[in-house]
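User: Please take a close look at one strand of this model and explain how it sits among its surroundings. I would like one connected account.

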Amino acid sequence: MLKQSCRLVIIAGLMLTALFPAVSSAADARRPNVLWICADDHAAYVCGAYGNRIVRTPNLDRLAAGGMRFDQAFCNSPVCTASRQSFLTGRYPRTIGVTQLSTALPESELTLAELLAGAGYSTAAIGKMHFNSPLKHGFETRLDMPEYQKLLQAKGKTELPAGVDVQPQWKPFRDPARIWLNSGALPFGAVDAEMPGTYFAEQAVQQIAEHGEKARQGPAGGMPFFMMVSFYEPHSPFHFPVEFRGRHRAEEFVAPPVGREDDWQIPAIFRDLTAAEKQGIAAAYYTSAEFLDRNVGRVLDALKSAGLEDDTLVVYTGDHGYMLGQHGRFEKHCSYDPAIRAPLFMRYPGKIKPAGATPALVEFIDIAPTVLEFCGVTAPHAIQGKSLVPVLEQPARKHRDEVFVEYSENEEAAIRTDRWKLVYTSGRRERQDGYATGKPLPGRTIRLFDLERDPEEMTNLAERPEHAPLVAELTRKLADHLRRTARQPDLLPQTGDVLALLDQAVKPRDVRAKPNIVFILADDLGYGDLGCYGQRRIRTPHIDALAAGGMRFTQCYAGSTVCAPSRCVLMTGRHTGHCTVRGNALVPLKPEDVTVAEVLKSAGYATALVGKWGLGEPDTTGLPNRQGFDEFFGFLNQHHAHNYYPDYLWRNEQKVPLENVVPKDNIASVRKQYAPDLFTEQALAFLDRNAERPFFLYLAYTLPHANNERGRAEGNGMEVPDDAPYSNEPWPAPQKNHAAMITRLDADVGRVLARLKALGLDQDTLVIFSSDNGPHKEGGGDPLFFESAGLLRGHKRDLTDGGIRVPFIVRWPGKIPAGSTSDQVAWFADYLPTAAEIAGAKPPADLDGQSLVPALLLKAPPVSRTLYWEFHEGGFKQAVRLGDWKAIRLRPGTPLELYDVVRDPSEKTNVATAHPDVVTRIEEFLKTARTDSPNFPVRQAGAK
């Protein structure tokens with residue numbers, strides 16, 4: 001909320017700037033249009049303006065000749081998403097939390113488009129932007145491949161001449177590299193007029209013509225524009241139309257030599273490429289670059305035809321470079337110059353002198369503040385780039401002493417000066433981008449190259465003694481930069497060991513487009529057992545802090561009043577009148593049951609259940625691994641889960657022996673391994689393993705459930721290693737232990753929260769804490785001793801609110817206001833649709849719950865709900881929550897009890913006779929509220 005408020009203030013300020021522009025030396029009262037043309041994977045060395053005599057790029061060469069050519073311009077990351085979002089925001093990839101291909105640009109980041117829109121510019125983005133979300137990030141008009149596909153479907157494709165070979169469907173990493181890298185230099189299966197690149201160029205031409213027409217109307221003819229035209233060429237498989245086939249032949253090229261030190265880092269997928277295939281890939285790339293140039297020319301010609309050329313700042317970039325066999329690689333994704341050096345041209349007639357070139361070291365984050373300065377807009381302090389206007393005025397001027405590049409997927413970062421480059425790699429991460437080497441991880445590596453004497457970067461000098469001081473200086477500068485620009489600098493170690501700092505700093509710590517989800521479920525914890533819900537004697541500081549950082553629900557209900565059916569409702573989103581498991585019986589989930597784990601797994605989440613399941617026995621369809629969980633560790637059924645010192649637990653579908661000895665039913669004689677401690681360790685390990693992908697962790701503790709069997713045998717089933725910190729309290733032993741179990745649960749929750757923070761995930765993780773039903777009175781437990789149900793009447797196995805109303809806490813930093821409270825009536829059936837909406841997944845159609853996202857984000861006031869429960873132990877009981885009313889039927893055929901639970905939360909006064917209309921409405925609802933279940937038939941009390 002605070003970020004959003006600051007954002008509105010900044011944009012409002014920019015609107016004032018539009019009215020009263022602060023014009024710099026590079027801007028006058030006439031604000032320029034801005035046309036930014038971006039190519040995909042276009043290396044600087046494959047452009048005539050940079051001296052290449054094979055490729056034909058006359059339009060780009062003409063653009064460069066009309067303005068300034070930057071000879072040492074470097075991307076800040078050699079991967080599309082990170083580079084583009086970095087230069088669009090003027091901030092380093094690691095600072096905005098976008099270093100990997102699939103990461104979405106956070107809504108909180110201000111883009112150049114938003115800044116210019118706030119200053120009175122019309123904005124449009126045409127082509128590839130890699131936002132990885134539906135957000136427009138300040139662009140009023142947004143056109144990309146979906147719009148192209150619609151047009152193509154409407155008009156149909158032109159039939160190609162017979163005998164023309166075209167590219168197959170692009171299947172990178174599935175097909176051999178020679179195919180998906182187009183070593184045959186085959187055209188895309190379309191004519192020029194029907195190519196995506198041509199479509200984007202034509203859309204830009206059309207919009208430029210419209211702006212030109214408005215401009216001819218005089219000063220009132222419209223606002224200036226910022227247009228970004230972003231082509232997909234020459235990205236693999238190097239598209240070009242059939243008309244361009246044969247423009248280059250493989251024989252024109254020579255496969256670059258591979259250095260003696262290159263073998264360990266060459267991706268396995270490239271190792272089988274022949275020299276001829278490498279030459280063919282180069283031919284395809286060059287042809288695609290020439291097709292790109294054709295479309296750039298169309299856009300530039302439109303600018304001239306519209307009479308806007310003199311009033312427009314034109315910027316051209318590749319998003320990064322590309323390796324065409326250098327060091328044995330056909331990719332970007334590394335720190336060699338061909339991969340990180342990209343073309344950068346700027347033209348603005350009358351402001352930028354033509355035919356200029358500068359050797360100044362430039363980072364792509366410098367483009368945004370340059371554009372802002374030309375447009376008379378003050379750059380926000382958060383922008384990390386430096387305006388290039390001084391260099392444009394004096395090309396020989398020095399701009400930066402060094403540039404920085406990072407590729408977190410390989411835990412790699414580089415610092416480059418005019419002469420030297422140092423590349424640091426942790427060497428501990430197996431690449432997940434398809435470019436793994438197939439060789440053992442090398443461990444920490446440092447490479448130093450003398451770019452004056454060794455421009456091809458073939459000789460690593462890092463180990464030579466005479467360069468040790470230089471290596472030390474550059475590693476220190478790199479570490480300082482990574483610390484200074486980190487999104488979460490507090491996560492980096494406070495150490496003087498530069499290499500240890502670098503090992504941590506180069507790890508990917510991206511923001512998440514899809515938040516991680518951690519659901520922590522207590523067992524038999526009452527509504528009043530936590531400090532944040534009014535408990536005064538039991539200490540729960542970590543859970544209370546969780547509530548203080550998020551939202552506390554005051555009217556949330558469990559799925560049932562006992563364990564298994566409550567968990568079934570939680571997992572399937574269907575209430576106990578519809579779900580499969582309606583009681584604590586050994587009934588498994590069915591194959592057709594769809595769990596929240598399955599929904600989230602389909603959305604790309606890693607899924608794990610740690611703790612108590614209760615919805616499927618061994619060799620049944622209800623096992624966790626058969627219901628969407630990648631990993632499971634814990635108890636399968638609730639009876640086994642009574643024992644806190646079991647002699648085995650389950651890992652997936654295998655028993656894991658423990659050191660405890662259990663000579664009789666659930667009572668251990670040797671107690672060495674406490675199950676909740678094991679659960680916490682397994683949960684932390686899962687977080688560690690999955691820190692770099694979205695995950696769902698269902699952590700279902702058994703605390704503070706009683707060991708019923710031990711309680712019956714010994715009188716105290718509150719099983720805990722010790723009763724600290726309540727050892728000296730003058731309470732009965734079971735109550736000391738009960739309190740100790742809850743405080744121990746709280747400490748475990750604290751450990752999970754601390755690990756999320758240590759991994760840099762706490763800001764990207766939705767954490768939910770709740771309990772499966774109300775407090776128990778088993779094993780010596782006494783719900784009245786600590787007022788565990790608060791003001792509510794009843795406890796576990798009751799359908800009064802004391803048995804089913806539970807604590808429910810949700811924290812989602814930056815989304816859910818800290819310290820907030822919700823009176824929205826909610827229940828466990830809401831969890832699946834809520835998680836699905838948050839993950840962008842499609843939930844099943846037949847759910848009884850509804851998404852709580854509007855309530856969580858304060859986008860809607862509380863809405864009235866109708867909730868249903870049935871309970872089969874000791875007969876058949878039903879309960880209904882209808883708005884503020886609560887009805888309970890204790891056995892079939894008996895009258896409903898009716899309570900106003902808002903005014904009478906203790907359900908003391910039955911008002912059924914005073915409100916017959918409400919009773920009638922609920923009776924009508926009950927006629928269709930449930931479906932029959934053969935496993936849970938309706939029985940009278942006492943029936944067997």
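Analyst: This is a predicted model, and the strand chosen here is β21, residues 765–771. Seven of its seven residues are buried, so β21 is largely enclosed by the rest of the structure. Here buried means under 20% relative accessible area.

The two faces can be taken in turn. In a regular strand the side chains alternate between the two faces of the sheet. On one side of β21 are Thr 765, Val 767, Phe 769 and Ser 771, and on the other are Leu 766, Ile 768 and Ser 770. Both sets are buried, so that both faces of the strand are covered.

Next come the strands paired with β21. Strand β13, residues 516–522, runs parallel to β21 and is joined to it by seven bridges. Within this pairing, Ala 522 stands opposite Ser 771. Strand β22, residues 808–811, runs antiparallel to β21, and four bridges join the two. There, Val 767 of β21 stands opposite Arg 811.

The wider setting includes the nonpolar cores. In soluble globular proteins, nonpolar side chains tend to be buried together. The largest nonpolar core in this model has 67 residues, and Phe 519 and Trp 613 are among those with the most contacts inside it. Helix α22, residues 831–839, gives the largest share of this core, six residues. Beyond its neighbours within four places in sequence, Trp 613 is in contact with residues including Met 571, Leu 589, Phe 632 and Tyr 698. A second, separate core has 61 residues, including Val 34 and Ile 352.

Note on methods:
Residues numbered from 1 in each chain as written. Predicted model: local features only at pLDDT ≥ 70, side-chain atom pairs only at ≥ 80, totals over all residues. Heavy atoms only, no water. Buried < 20%, exposed > 50% of the residue type's maximum accessible area, 1.4 Å probe, protein only. Pairing = 2+ DSSP bridges. Core = buried A, V, L, I, M, F, W, Y, C linked by side-chain atoms within 4.5 Å. Contact = heavy atoms within 4.5 Å.
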